[in-house]
Amino acid sequence: MIEIGLSTWTDHPTLSTEGKDKATLTEYAGHFPLVEVDSSFYAPPSLSNVVNWQHQVPEQFRFIFKANQAMTLHDGVVDEDYLTTERRMVFTDFYKVMQPLVKANQLAAVLFQFPPSFRCELKNIRYLFEVRQMMGQLPIAVEFRNASWFTDAVTEDTLSYLQRLKMINVTVDEPFDGNQGMPFVLQVTSAKQAFFRLHGRNASGWFSSGKNWRRERTNYRYSSAELKELAESIKAVAESVQDVMVIFNNNGNHDAVANAKELQQLLGIHFTGLGPMQLDLF
């Protein structure tokens, strides 16, 4: 099974049936069976919000939640022991809030997107193990943002370690210059799930530190030729895993919806169990 979705459901005006700047979750669920929730990175989700979101989508709809910034060490707290009392509390609360989704089979994964400072070194290798211990059997996907994890010398070890921890290697499509950015690592670490995150290929925006860097780094529209190339990789992976998740994050200029729809056509897949508000926009 291949599922395609977008990062967040709000920032896609073409999905709004009333022509508004932001789409609702119900409107989004009329088009895609999967969504990546990024608000959980900035603030831990509340149980009431999670249950409310469940009520707005069909039973087959699934969520990917980004781990909170404290869990991925983005919070700026530096300590010899990463698992401080405060961090343990965040992990515990996050785990509890995921349970309604687990029971309803609506949790596709918890995405741990680590910062560029998270290098391949002993304390970080140990932290991955601690993450698995804290998250129990929840499906965990790992996106590294430091290329030290995928040098020629350690790539095989990195993938083997993720496999032992039952963590999903996130295959990212983004600019990579050999130092900044991440390479396209197609190998999977789970027979159950594979995960592609497509950020776009805007190198000038990706490596920029200007005031609009957040928007510019994902300001990219994939060409049909590029999508065909990605479709071949996705189909190849789908032959060896049960479930392939594809998230488009190239939405700096609202290109994610059109690219996701085109990829769906290239793959020849039809999503069942969508919400009642599906429209033929293209």
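What share of the 282 residues in the protein is buried? In this predicted model, buried residues make up 54% of them. The chain is built from 11 helices and eight strands. Measuring along the principal axes, so to speak, gives a C-alpha trace that spans about 55 × 40 × 40 Å. The radius of gyration comes out at 18 Å, which agrees with the value near 19 Å that a compact globule of 282 residues would have. As for the outside, the protein exposes about 13200 Å², and carbon and sulfur atoms supply 49% of that area. Contacts reach across the sequence, too: among those with a separation of 6 or more, 76% are between residues 24 or more positions apart.

Two residues in loops give a closer look at how such contacts play out. F118 sits in the loop between β4 and α6 (122-135). With a relative accessibility of 2%, F118 falls under the 20% cut-off and therefore counts as buried. Setting aside residues up to four places away in sequence, F118 touches L73, N124, Y127, L128, F144, N146 and W149.

One of those partners, L73, belongs to another loop, the one between β3 (62-66) and α4 (85-97). L73 has a relative accessibility of 15%, so it counts as buried as well. Beyond its neighbours within four places in sequence, L73 is in contact with Y82, R87, P115, F118 and Y127. Y127 thus turns up beside F118 and beside L73.

R87 offers a handy reference point for both loops. From L73, R87 is 14 residues along the chain, and their C-alpha atoms are separated by 9.2 Å. F118 and R87 are 31 residues apart in sequence, with 17 Å from C-alpha to C-alpha. R87 is listed among the contacts of L73.

Then there is the empty space. Rolling a probe the size of a water molecule over the atoms shows where such space is left. The second largest pocket holds about 560 Å³ of it. This pocket is lined by 26 residues, and the closest to its centre are A108, Q137, P139, K192 and Q193. Which elements give two or more residues to the lining? They are α5 (99-103), β4 (107-113) and β6 (167-173). Sorted by class, the lining has 11 nonpolar, nine polar and six charged residues. Strand β4 links the two parts of this picture, as β4 contributes to the pocket lining and also borders the loop that holds F118.

Technical notes
Residues are numbered from 1 along each chain as its sequence is written. This is a predicted model: local features need pLDDT of at least 70, side-chain atom pairs count only at pLDDT 80 or more; totals for chains, interfaces and linings use all residues. Side-chain values use heavy atoms; hydrogens and water are left out. On a 1 Å grid over the protein atoms alone, a cavity is a set of points where a 1.4 Å probe fits but cannot get out, and a pocket is an open set with protein on both sides within 12 Å along at least five of seven lines; lining residues have an atom within 4 Å of a point. Grid points are joined across faces, edges and corners, and a volume is the space filled by probe spheres set on the points. Helices (H or I, at least four residues) and strands (E, at least two) are DSSP runs, numbered from the N terminus. Ala, Val, Leu, Ile, Met, Phe, Trp, Tyr, Cys and Pro count as nonpolar, Asp, Glu, Lys and Arg as charged, and the others, Gly among them, as polar. The radius of gyration is taken over C-alpha atoms; the globule rule is 2.2 Å times the number of residues to the power 0.38. Buried means under 20% relative accessible area, exposed over 50%, partly exposed in between (1.4 Å probe, protein chains only). Contact means heavy atoms within 4.5 Å. Accessible areas come from the Shrake-Rupley method with a 1.4 Å probe; for residues, only the protein chains shown count as cover.
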